[in-house]
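Student: I am new to this structure and would like to take a close look at a single part before moving outward. Could you walk me through one salt bridge carefully, and then show me what lies around it and elsewhere?

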Amino acid sequence: MESQSTQKLKNPPKPPHNPISELWWFFAAATCVKLLLIPAYRSTDFEVHRHWLAITHSLPLSQWYLDETSPWTLDYPPFFAYFERFLSIFANLIDPQMVHLQNGLNYSSDTVVYFQRVSVCVSDLCLLYGVYRLTRNLDPVRRKLIWVLVVWSPMLVVVDHLHFQYNGFLLGVLLISLSYLEEGRDLMGGLVFAVLLCFKHLFAVAAPVYFVYLLRHYCWKGLVKGFGRLLILGTVVVAVFAVAYGPFVYHGQIKQVIHRMFPFGRGLCHAYWAPNFWVFYILLDKVIAFFLGRLGFKIQAPAASFTGGLVGDSSPFAVLPQITPAITFIMVLLALSPCLIKAWRDPRPMMITRWVAYAYTCGFLFGWHVHEKASLHFVIPLAIVAVQNLDTARHYFFLSIVSCYSLFPLLFESQEYPIKVLLLLLHSMLMWLGFSAQFTKDKTLEMAPSGKNKDSHLELNRSVIAAQKGGFDIGWVVWSYLVGLLLVEIWGQFLHPIFLGAKLPFLPLMLISVYCSVGVMYSFLWQLKHILVS
Amino acid sequence: MTKSSKKSKEDEEIVDSGDDAWCWLLHKGITPSFFCIALFSLLVRVAVSLHPYSGAATPPKFGDFEAQRHWMEITLNLPLNEWYRNTTLNDLSYWGLDYPPLTAYQSYVHGLFIRFFSPESVALFTSRGHESYLGKLLMRWTVLSSDALVFFPAVFYFIVVYYSGRNQRGRMCGIAWHIAIILLNPCLILIDHGHFQYNCISLGLTIGAIAAILSDKDLLACVLYSLALNHKQMSAYFAPAFFSHLLGKCIRRRYPIFEVFKLGIVVSGTFLVVWWPYVHSVEAFFEVLSRLAPFERGIYEDYVANFWCTTSVLVKWKRLFPTHQLKVLSLGATISTFLPSMIQQIWAPSKKGFLYGLLNSAFSFYLFSFQVHEKSILLPLLPASLLASEEPFLFTWMTLYALFSMFPLLHRDKLVLPYIALSALFILLSLAPNRRQETRETNAFRSIVTTFFPLCSLILHVVYLSMNAPQRYPFLFEALIMLLCFSQFTFLTMYTNAQQWMLLKHSNLVDKEKKLL
C-alpha cells in the first residue's frame, strides 16, 4: 500500500487530455459507420432535398417558394433554403445534373447519393461543436457518456443517415443555443435560437419557453436597464428574421412562404401515427363507434381513414369531435403552462435544457401533424441532463429506447432490419454500461467519507460491493414495459404474418404507435413532475 | 515481459484515477464488454454487406458470391456422392466444388435456410446468376450468422483463456482493445462481408483450436483444427505450427509415443467422420481429393505480394520451369522457411512461441507456396491479431499492408468506400484514447520508416484511383503495390522469426517471473 502511494507521488498527475481531440475520435468513429451506410435505404426525403438543391441553384430567389416542378416543394424556412443554395455550389461542381430542375428529377446516380450522404456527415460537425460547447466543463466520465449518447445516437443515424435528413445539423444549432444559455450568455443564446427558427420552424414549439426565460433572466433588471435589454434582444431577433425573410418580403411573397411552411391541410396525424396523445383519441373514437354500432346506432363510417395514408379535409372521426389546428395549439400551450410559470418564477440557467426538452415533448404529444422523427427534438437535449443523477439517467434510458424503437417503422425494408435492431441493442448496452459505471462511482464516493479513519478501507470495500449490486437499477415496471416492447416487435415481425397473414396489415404499426405512446406519455408526466418539484 | 508488466501497472493506475477513457464501459468485466464490442462489430459487418460483392451483375461467370450460391444449389439438389463428380447435372467447370466436405455440408445447411425463404434462388440450373433482393440478402445473412456463431464465440474463448490468471481488472482497457482489434479486422470483414466468402468459419475454428491449446486441451484443439482443415484446405498454412507445438509438448510427457498416438487417433477420427460419405471407395476418395488441389492453375494468380509473383518481374518462373518442377521448388522453399520456427517449437514449446510459430508458418506458406491468392494474407494476419497486445505496432503495420495488398482486388469488386471507411476505423482503433499514452521510443530511423512507407502507400492509393496505367504496362500500379507489400511482409516475417527465437533466450527468465507472479 505504502509503496503504491509513493509511486503515485513520483508520477505527477498527467495533464488532462484536450477533450476536443477525444471528441474528434468519437465523431470520426461514428463517421466511419455513417460512411458505410451510404448505399442503404433512403426515403423520398432524399429526393426532396435533392430537388431543393436544384430549386435553389437553378431558380432566382423570387421563384424558390413558387416553383411546382415536383410535388416536393420547398417548405422549410429561408435559412434552410440558403443552406441548400450553399450546398448546391459544390453539387454543381461535382455533377451539374444533380442541380438541374427537370433533368435532375429522381436522379439517383452514385454521385448524387455520395454527395448528399457525405453532406449530412459533414454538417454533423455542427452537432459536434454544440456537444463540445455543452460538455467542455464537465468531468471526463460524464462528458464521454454524453458524447456516446449524442454523437453515437442511434436515432440520428436512423433519421439522418438512413432515412435522410439534416437533423444532426439543426440539433447542433439548438445545442449551441442551449450552451450559451447555460453559460449565462442569454443574448447569444437568443440569437442562435432565432437562427434555428429560420432553419426549421418546427423548433418554434420551444419559443414560449425561450421568451419567458429571456424576459425574466435577461431583461428583468429594473425598468430602464430592463427595457434597454428588451430592446436589444428584440432588435437582434428582428434582425435575424429580417435577414431570413427580408428578400421574400421585398418580392412580396411572404404570404406564399408562410403558406408553404404551414400546410395545415395535411391532417392531424401522419400516415404512420407518431406515438402521441392523438393516438389515444383516435383509438377511443374507434372503440366508441364500434360499441355504438353494436348497440344499434347508425354510425357513418368516416370518409377519410387514418390507416389509408392520405388524409383529406373531411373529418376522420366517427363520433368524437373534429380536431382543428387551433385546438392542438391550445393543448400544447396548456401543457406548457406549468413549465412557463416555473420559468417565470425561478429562471435558472441550469434548468433551461430540461424546459426546452419538455416543450418539445409537449409539441410532440399534442401537436398537429407530428412526425415520429420529432422525438429527436427532446431526446437529444435530454441526453445532456441524463447524466446528472440516477433518476434522470433511468428516465433517459427508458425514453431513448422507446423513442428509438418508435422510429423502426421508418426503415421497413428487410435489408435494414439488422441495422436498426443492432443500433438499438448497442445503444441500450452502452447506456446500461455507462450509467451503471457512473452511478456506481457516485454512490461509492457518497458513502466513502462516512467511514471512520481506521477502518475506512474496509468500509470503502463494503460500499463498493453494495454499490455494484445497486448501481443502475431501472425497476420492474420499466423492465416489464421494455419486455412488452420486445413482444410487440416479435408479434409484428413474426407472429402476425404467421397467424393473420395479409389480414389487418396496419395492426403491427398501430400496436407500435399505441405502445410507444404510452411510454412517451409516461415520460411527459415524469418530466412535468420533475420540473414542478425542482 | 518487464515492459508489459510496466504497462499493466500503468493501466491499473489509470483505472484508479478514474480518468480512464474506457473504464466506464469495461467495469463489468470481460463478458459485457465483449458483448458490447461484438454488437458494434456485427453492425459494421451488416453495413459492409450493403455494398457490392465480387462479380455482382457480371455474367457469365460472376464471382465468389455466385460460386457459394452455386454450391448451395448443387448440394441441395444432388445426392451426396455426386457433389464432386462431373455429371450432366453438375458441370464442374462452372464453379465446381473445390473445398473439402465440411464446406459442402455448410453449403447444404445454408442452402436449406435459403430455400425456405426463397426457393428460386437455389433451384437447380435456373438459379445460375440469381441476384434477387431477397436472395442476396439471405446470402449475406448466412455469412453474418456464421460469423456470429463460429468466429465470435471462438474469439471470446481465446480472450478468456489468453487473459485468465492475469490481473483482469487492471488490464481491462488492454483486453477490450484486443477484442476490438480482433473482431474489427478490416481485411476479414471486407473479404467475408464485402467480397463474399466464409473465411470466418475456418478462421474461427482455428482460433478455437489455438485457444484450446493455450488452455492445454490438446485433444479439443486437434478436433477443432481438423475441422478447420476440412472447411478450407488453406488452413494447412498453420499445420507446421500445430504439429511442432503438439509434438514438442508430447515428447516432454511421460509416454511420448502414447500421447502422439492419442492425438493421431483424434485427428484421423475427425477426418473419418467428415469424409465418411467418400471413404467407401478409393475412387470416390480420390475424386474429391483431386478437386481440392488445383495445380493446373499455375504458381500464382493475379498480383499477389508473395515471392514468386514479385520476383517474376525479373525471373520468368512460369517460362523457365515446367509446372511439376515449380511445385517441387515452391514446396522446398516453403518447407525451408517454416522449418526454423518448427524446430524452435519442438525444442522449446511455449504458448507465446506457438503464436509466433503460427504467424511464421502461415507467412512462409503465403510467401513461398504454390498457388497463393491475395486473400490468403488473412491466414498470417490471424495469429498476428492474436499477438496484437504483445506487438501492437507489428500488427497495425501488417494489417495496413495486408489491406493494401488486397486493394486492387477490392477495387475490382467496387468496395473502395468500405475499404476507406474500415481502414479509417482501424487506424482510429489503433489510436484509441488511452493507447496513446504508451511511451514510444522515437529514434530517427523508426520515424523515417513510419512516415516514408505510409506516405508511399498513400500516394500509390491516390495514383491507383486517379490515373490510368501506361498502355505498355497496364498492370504497372498493381506491380508497384505488390512490390511495396512484399518488401514489408519480408521484413515482418524476418522480424517475427527472430522474435520467436529470441523467446528461447528469455524462456528461463519468464518461467522464473511466472513463478513469482
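Tutor: In this predicted model, B:Glu259 and B:Lys262 both belong to helix α12 of chain B, which spans residues 256-275, and because they are 3 residues apart there, about one helical turn separates them. Their side chains meet in a salt bridge, with a distance of 3.9 Å from N to O, and the cut-off for such a pair is 4 Å. The two partners can also be described by how much of each is accessible: B:Glu259 has a relative accessibility of 14% and therefore counts as buried, whereas B:Lys262, at 32%, counts as partly exposed. The pair also belongs to a network of salt bridges, which links B:Glu259 and B:Lys262 with B:Asp216, B:Asp218, B:Lys249, B:Arg253 and B:Lys351.

Over all chains, a search of the whole structure finds 23 salt bridges, and two from chain A can be set beside the one just described. A:Asp391 and A:Arg394 meet through their side chains at 3.4 Å, N to O; they lie 3 residues apart in helix α18 of chain A (residues 390-406), so about one helical turn separates them. Here A:Asp391 counts as partly exposed because its relative accessibility is 35%, and A:Arg394 counts as partly exposed at 28%.

The other example is a salt bridge between A:Lys373 and A:Asp45, whose closest N and O atoms are 3.6 Å apart. A:Lys373 sits in the loop between α16 (352-366) and α17 (376-386) of chain A, while A:Asp45 is found in helix α3 (residues 44-58) of that chain, so this pair ties together parts that are 328 residues apart in sequence. A:Lys373 counts as buried, with a relative accessibility of 9%, and A:Asp45 counts as buried at 15%.

Chain A as a whole gives a setting for those two pairs. It contains 22 helices and 0 strands, and 55% of its 534 residues are buried. When contacts in chain A between residues at least 6 apart in sequence are considered, 77% of them join residues at least 24 apart.

From charged pairs we can turn to the nonpolar interior. The largest nonpolar core holds 325 residues, and those touching the most other members are A:Leu174, A:Phe435, B:Phe151, B:Phe158 and B:Phe489. Apart from that core lies another, of 13 residues, which include A:Ile282, A:Leu320, A:Trp368 and A:Met510. To follow one member of the largest core, take B:Phe158: leaving aside residues up to four places away in sequence, B:Phe158 touches B:His178, B:Ile182, B:Ile207, B:Ile210, B:Ala211, B:Leu214 and B:Leu386.

Finally, there is enclosed empty space to consider. The count comes to 5 cavities of 30 Å³ or more, and the largest has a volume of about 640 Å³. Its lining is made of 33 residues, of which A:Trp25, A:Trp152, B:Trp22, B:Leu25 and B:Phe40 are the closest to the centre of the cavity. Both chains contribute helices to that lining: α2 (19-36), α8 (154-164) and α19 (417-447) of chain A, and α2 (23-26), α3 (30-48), α7 (168-183) and α21 (416-430) of chain B, each supply at least two residues. By type, the lining residues divide into 28 nonpolar, 3 polar and 2 charged.

Technical notes. Residues numbered from 1 in each chain as written. Chains lettered and ligands numbered in written order. Predicted model: local features only at pLDDT ≥ 70, side-chain atom pairs only at ≥ 80, totals over all residues. Heavy atoms only, no water. Core = buried A, V, L, I, M, F, W, Y, C linked by side-chain atoms within 4.5 Å. Buried < 20%, exposed > 50% of the residue type's maximum accessible area, 1.4 Å probe, protein only. Contact = heavy atoms within 4.5 Å. Helix = DSSP H or I, 4+ residues; strand = E, 2+ residues; numbered from the N terminus. 1 Å grid on protein atoms, 1.4 Å probe; cavity = no way out; pocket = protein on both sides within 12 Å on 5 of 7 lines; lining within 4 Å. Points joined across faces, edges and corners; volume = space filled by probe spheres on them. Nonpolar A, V, L, I, M, F, W, Y, C, P; charged D, E, K, R; others polar.
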